[in-house]
Every structure is written in structure tokens, then in C-alpha cells.
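Please look over the model below before reading on. The text starts with the whole chain and then turns to details.

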Amino acid sequence: MNGPIRAFRYADDLVVCFRFEKDANRVREVLGKRLEKYKLKLNEDKTKMVSFSKSAMQRGIKQDAFNFLGFTFYLGRSKRGAVIPKLKTEGKRFRSKLKKVNDWARKMRNRAPLKKIWKTFCSKLRGHVQYYGVSFNSTHVSSFLFRAVRIMFKWLNRRSQRRSFNWESFELFMERHPVPTVRVYHKLF
């Protein structure tokens, strides 16, 4: 190997970073054979090489992005203009989580008292904020909270024949029982 190598692993997911492309190609060739030795198989659909070069981006060459653990990693610019790695919520994961909120709200709307439903809902949102509350991802977390609250408003209004809330009364309810706020729990820099 001619340059430094960094590996980031979580359970069976792995990202390996190389300075030189020939090092990456060499490991890519050997990795499949090494895994077969232990009766494991490399998932070819998920395995890919991504160009992620700060110097190339500074020269105006567009860089790829990749997904890992529910985040999309990409190169962006800091407030001062320096090229830095950034991340945001993966689009597919964002949509699937909103669908799960919708399914849960539809199913739970009549199964418990309002305060219990709201408490559980806020707990779920808190978990989302704590996981996705990472530097540079505040916009996506905020968007998720906004949309999730809209979904709950829709389904809570379908608890009976009569409409339970108008938006003003719902806002008053949320003042008394606030949803979690967007916060960065994991600072990258």
C-alpha cells in the first residue's frame, strides 16, 4: 500500500477509505477472495468505489456521494469556502420513515387517549432527532419533524366524525405538549 487507509465499520457494513485509487483497486480484488475463505460473500450490489477527493472538487470536478448507515455522505463547502465532508439523511430512508409515521398514526389514532399517543409520538421523534442530529443535517431533521407533525395532525383529526382540531387549536396543544426540537447531538467538526 502506498498511502494511508481508514476503515469504518458498523455490524456488517464497512467503508474503507484510500488515498490512492490503485490501492483501492488492489484491495477490491483481494477482498472477495479473502471473504470466500471464511464462507462469506461480498454484496456486489452494495459494493462500489466512489471518488471523494477534496483537491478534485477544488478544481471543479464533481464528486460522487455514497450512503452509509442511513446517511448520504458528500463533499461540500464550509461557511469559509473550504471543501469538507458533509452528510445528510439518505432520501430513501427519509421517505420510508415518513411512511412508517403515517402507518403508525393511522393505526394508533383510536387505540389510546390523545396524550398517550402524543407522548409516544414525541418519543419516536426524539429518537429520530438523536440519531440524525448530526452536523450539516439540521435542515433534513427539521423537515422530517415538520412533515411528521403534519401527518399526526391529519390522523388525529380523523379520530371521529367531527374534526378534533383546527390548526390554531393544534398549535395550542403543541405549545402545552411540545415536540422535540432540532439539535446537533453529534458534531463532526
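The paragraphs below cover overall form, the sheet, the aromatic pairs and the charges over rings.

This is a predicted model. The protein contains six helices and five strands, and along the sequence these follow the pattern β-β-α-α-β-β-β-α-α-α-α. How does the radius of gyration of the protein relate to that of a compact globule of 189 residues? Such a globule would have a value near 16 Å, whereas the protein has 22 Å. Taken along the principal axes, the box filled by the C-alpha atoms is roughly 70 × 45 × 25 Å. Of the 189 residues, 30% are buried. Among contacts with a separation of 6 or more, 51% come from residues 24 or more positions apart.

Next, the sheet. Three strands make an open, antiparallel sheet, and their order is S3-S4-S5. Strand S3 (66-68) and strand S5 (83-89) are the edge strands, each pairing on one side only. From one strand to the next, the twist averages 40°. Between S3 and strand S4 (residues 71-77) there are three bridges, in the antiparallel sense. Phe68 has Phe71 in S4 as its bridge partner.

Phe71 also leads into the aromatic pairs, of which the structure holds 16. The ring centres of Phe71 and Tyr132 are 5.1 Å apart; their planes stand at 55°, so this pair counts as tilted. Because Phe71 belongs to strand S4 and Tyr132 to helix H4 (residues 114-132), the pair ties together parts 61 residues apart in sequence. Are these two residues buried or exposed? Phe71 and Tyr132 are both buried.

A second pair has another geometry to consider. The rings of Phe170 and Phe173 have centres 6.4 Å apart and planes at 25°, and the pair is therefore stacked, since planes under 30 degrees apart count as such. Both residues lie in helix H6 (residues 167-176), where three residues, about one turn of the helix, separate them. Phe170 and Phe173 are both buried.

Which residues do ring pairs link into a cluster along with Phe170 and Phe173? They are Trp118, Phe121, Phe153, Phe165 and Trp167. The ring of Trp167 also has a charge over it: the charged end of Arg150 sits 4.2 Å from the ring centre. Another such arrangement involves Arg183, whose charged end sits over the ring of Tyr185 at 4.3 Å from its centre.

Note on methods:
Residues numbered from 1 in each chain as written. Predicted model: local features only at pLDDT ≥ 70, side-chain atom pairs only at ≥ 80, totals over all residues. Heavy atoms only, no water. Pairing = 2+ DSSP bridges. Helix = DSSP H or I, 4+ residues; strand = E, 2+ residues; numbered from the N terminus. Axes fitted to C-alpha atoms, helices over the stretch in contact; angles between N-to-C directions. Phe/Tyr/Trp six-rings, centres within 6.5 Å; stacked < 30°, edge-to-face > 60°. Buried < 20%, exposed > 50% of the residue type's maximum accessible area, 1.4 Å probe, protein only. Lys NZ or Arg CZ within 6 Å of the ring centre and 35° of its normal. Rg over C-alpha atoms; globule rule 2.2 N^0.38 Å. Contact = heavy atoms within 4.5 Å.
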